[in-house]
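Please read the following note with the sequence and the structure open beside it. The points are meant to be checked one at a time against the picture.

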Amino acid sequence: MSEHRRKPPQSRGRRAAAPSGRRAAPPPQREESGGSGHRRATASSAAEGTGRRSRRRPEPPPKKRFIDYPRAQHTGARRWLPSWKQILGSAILFMGLLVGLIGIAYAMVDIPDPNKAAQSQKNVYYWADGSEMVVAGGGEYNRQIIPFNEIPTDMVDSVVAAENATFWEDPGVDLKGIARAVVNMAQGGDTQSGSTITQQYVKNMYLDQSQTLSRKFKELLISVKVASDVPKEEIMAGYLNTAYFGRGAYGIQAAARAYYDKDAKDLDANECAYLTTLLKGADLYDTSGGTGGAERAAANTERATNQWVTVLDRRVAVGSMKPEERAEYTEFPMPQDLAPSTDLAGQIGYLKELADSYLINNDDIDVDADKLASGGYSIHTTFDQDMVNQMETAVQQVIDDNLDPENREQDEHVQFGGAAVVPGDGAVVAIYGGHNYLEHFLNNANNAGAQVGSTFKPFVLAAAMRDGVRDPEKPADQPDKDRTPISPESIYSSEDQMQILDYTGEVWYGENPETGELEDWKQANFEGGEEGDITIRRAMEISSNSPFVQLGMDVGPATVAQAAEDAGLLPSSLGPADDSVPSFALGVSTPGPIRMATAYATFAASGEQADPYFVTHAELEGVTVYEHENKTERHFEANVADNVTDVLVNVVTGEQGSGRKVQALGRPVAAKTGTTDNNASAWFVGYTKQLSTAIGMWRFPDSEDIAPEDRRFMSMFGTAGMEKITGGSLPADAWLGFMKEATKDDPIEDFPKPGKIGEVHRGNGTEPEQPDPPVVEDTEETEEADVDEEQEEERDEETETPPADPDPDPTDSCQPGDPTCSNDSSGSQGGDNAGSGLPGGANAGNEGASNGDEGADSGADAGADAGSGDTDSAGNANNGDSGSPGWWSGGTG
């Protein structure tokens, strides 16, 4: 064979075997490196001792990465695209981490303390009939928290049907609901929050209203926590107590009052359905227009009506209302008009303050200023809305008709105060505190500043009949057994500028505070009037001062003060009451209208005294914290109180009575007028069987332009264009205007007829009692003289109707003991009824004469000197012909 013959081809990838005849080496291994895809031969070691070149050692395979990213087997863009395994793994990892983080957060989160704003509540004040008067005090928000059992089932079912049908079963959050809300909004549907009732409760109670992811995440966590730890009923109650319903009302109770003026527990299914619509956006469904006002009222009403239908239909759909019941609700429950419930203007502020003070200052009530300031109280008052309005109207009418402060200086700073109290109960049903609480903050109805003048005299009389006058032979401080209770027919001097005696009959002396010298006291009467010795009954009728000052000294000012306190006045308002203050009987005390009406109510109730009160009951979050219990105390026997009433009736029915103006009321009235020194104040206090009312009037500057130390009571001389203001003038007008309206529906009832009481006593300073003329007994029988009947009749006529002298002589008087004496004065006959009147018929003919003051005084004087006689059951003699009223005309001090 030729040596140039062709060599056989070598195996691909192999080397030819060595001619040495040895076994060929194994082929080198191939491996991929770097993702290049190229084959790489590995050098094999050359056989030891051969002459062939050496081969490279093969490289070890690279380690496999846990996460093959970027992907080693791919190049270009595919190298950076994760595989499905990587995507799935990442998702699982993320979910695992998320669940873990949520679990850690859930374990770490605690239910926070409620927001102060969520617990902030107002106090709600109610009229006597249960209607809402005002929302005031307490916290910033108008809210009254009530327990779940006071929330109507219809309200709960309506809210669940409209807001969160799965509320009773869900874990506090509803992921499907959230997703559904997102889809609905994406499709252009109504905006929905996707929040459950629990989430909304959490947001209202624990969080703020910010729209952030962090707040929403916190809301979800706390909602789940709350749902697992808090009963569903508590969650529902919390939600409905914190939700905003519009009109400034937070919570279902405030909403029920704002829209339907009733408590939440009294709402029906129809009303509940409407209130539920407000939870979707109160400003859009408030029928008053919300913040848009009247312009949006119609649109809001239409929108609310449609949503109201939806709520009722949803209740049927979820099974909380039967179709038959649903069919009953066809008329939209239109709410009341929007009314500002926090307005303290007019009398409301005064009423609210009286209720607050009563709760705070009453030791039997566990309410203090701090608790009241925290809010949440439902306070039911005694105030009658109609009567409060009637009193305000009556006073304002008097002001409008008589006062002109812009053109008459004397009309500036005139103020009124008033109060009406129920006898035998003490409920204060009406007050007049001032023209406007927002402008005049001092409550005049409770103002213990203005002296009450002669309206204090009934307490002097009550003390004289109950406790009696003192024995002049014994020490000043005497027990009842040493005293002598007296009759209203007792005699006292009405002398003007009468020198006052102490109870022993000695001239009273007191130290002059300016000079330090001892001086006596001479008591003046109104406009200098006097009638000589008169009964206490008569002195009350014409409001004569001298008799009551002397009677007060005979009884003792301290005893009079005790009687006033027993009737209902506060000791702190009475001032000094001892024998050093003879004027105490004339009303230097300053009780205020509420207490004066209360004290007179004691006489109207035949001696049963009841303290005034302003609150019938109060509740805190549905729990009663106070309920008034009627308590009365008998401080006067019925006969004592009824005799006081009987004497005060004369003030109204008497032709010279200082209170005769109120006869126009057309029903039995007992009353007293009062006017103070320098005409600083004037009063009219009176009562029927059903109502006791006090009206006071005074001038007092309360302008901030005047320094407090310069503010003092001012004279009312010239006020209203009158010479002076008396209790029988403008105060009586206001009293009458109010009582006509306040009592028009009351039955007309007479006062109890009093029995005889006490002894007829002649007070210190009176003239000695004239003895009766001796009775001459005939010892021989005489024949009766034939008397011509016509002559007898003529004589009777002359005796009954003596001629009146147009020019009276004030010096003429009848002689003591002459029963047939007639006085030729313009006053009516003085001695004509000497046998049946007070000494000489003191009341006979004193009703005045055609010539006014002179005739009145002349007739009275003539009768006073004409002997003594017995009185009738009322203590009055028959009056003669009346003319013009005398010095007591127009009321008196």
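1. Two strands are said to pair if DSSP finds at least two bridges between them. With that in mind, and remembering that this is a predicted model, look at strand 1 (residues 123-126), which runs parallel to strand 5 and is joined to strand 5 by three bridges. One place to look is V124, whose bridge partner in strand 5 is S378.

2. Strand 5 also pairs with strand 15 (residues 615-620), and here the pairing is antiparallel and extends over five bridges. To find this second pairing in the picture, begin at I379, whose bridge partner in strand 15 is A618.

3. How many residues of strand 5 (residues 377-381) are buried? Five of its five residues are buried, and the strand is accordingly described as mostly covered. In a regular strand the side chains alternate between the two faces of the sheet. In strand 5, Y377, I379 and T381 lie on one side while S378 and H380 lie on the other, and both faces are covered, since each of these residues is buried.

4. Helix 20 (residues 593-604) deserves a separate look, beginning with its length: its 12 residues reach 16 Å from the first C-alpha to the last, which is close to the 16 Å expected at 1.5 Å a residue. Why can helix 20 be called largely enclosed by the rest of the structure? It can be called so because 12 of its 12 residues are buried, among them the arginine R595, the tyrosine Y600 and the phenylalanine F603. An α-helix has 3.6 residues a turn, so residues three or four places apart point the same way. After helix 20 comes S606, which has a positive phi, near 55 degrees.

5. Two further residues should be checked for their backbone angles. E527 is a residue other than glycine, yet its phi is positive, near 55 degrees, and E527 is found in the loop between strand 12 (522-523) and strand 13 (533-535). N679, which is not a glycine either, has a positive phi of about 55 degrees, and its place is in the loop between strand 18 (670-675) and strand 19 (681-687).

6. Are these two loop residues buried or exposed? E527 has a relative accessible area of 54%, and because the cut-off for exposed is over 50%, E527 counts as exposed. N679, by contrast, has 1% relative accessibility and counts as buried, because buried means under 20%.

Methods:
Residues are numbered from 1 along each chain as its sequence is written. This is a predicted model: local features need pLDDT of at least 70, side-chain atom pairs count only at pLDDT 80 or more; totals for chains, interfaces and linings use all residues. Side-chain values use heavy atoms; hydrogens and water are left out. Buried means under 20% relative accessible area, exposed over 50%, partly exposed in between (1.4 Å probe, protein chains only). Helices (H or I, at least four residues) and strands (E, at least two) are DSSP runs, numbered from the N terminus. The expected span of a helix is 1.5 Å times one less than its number of residues.
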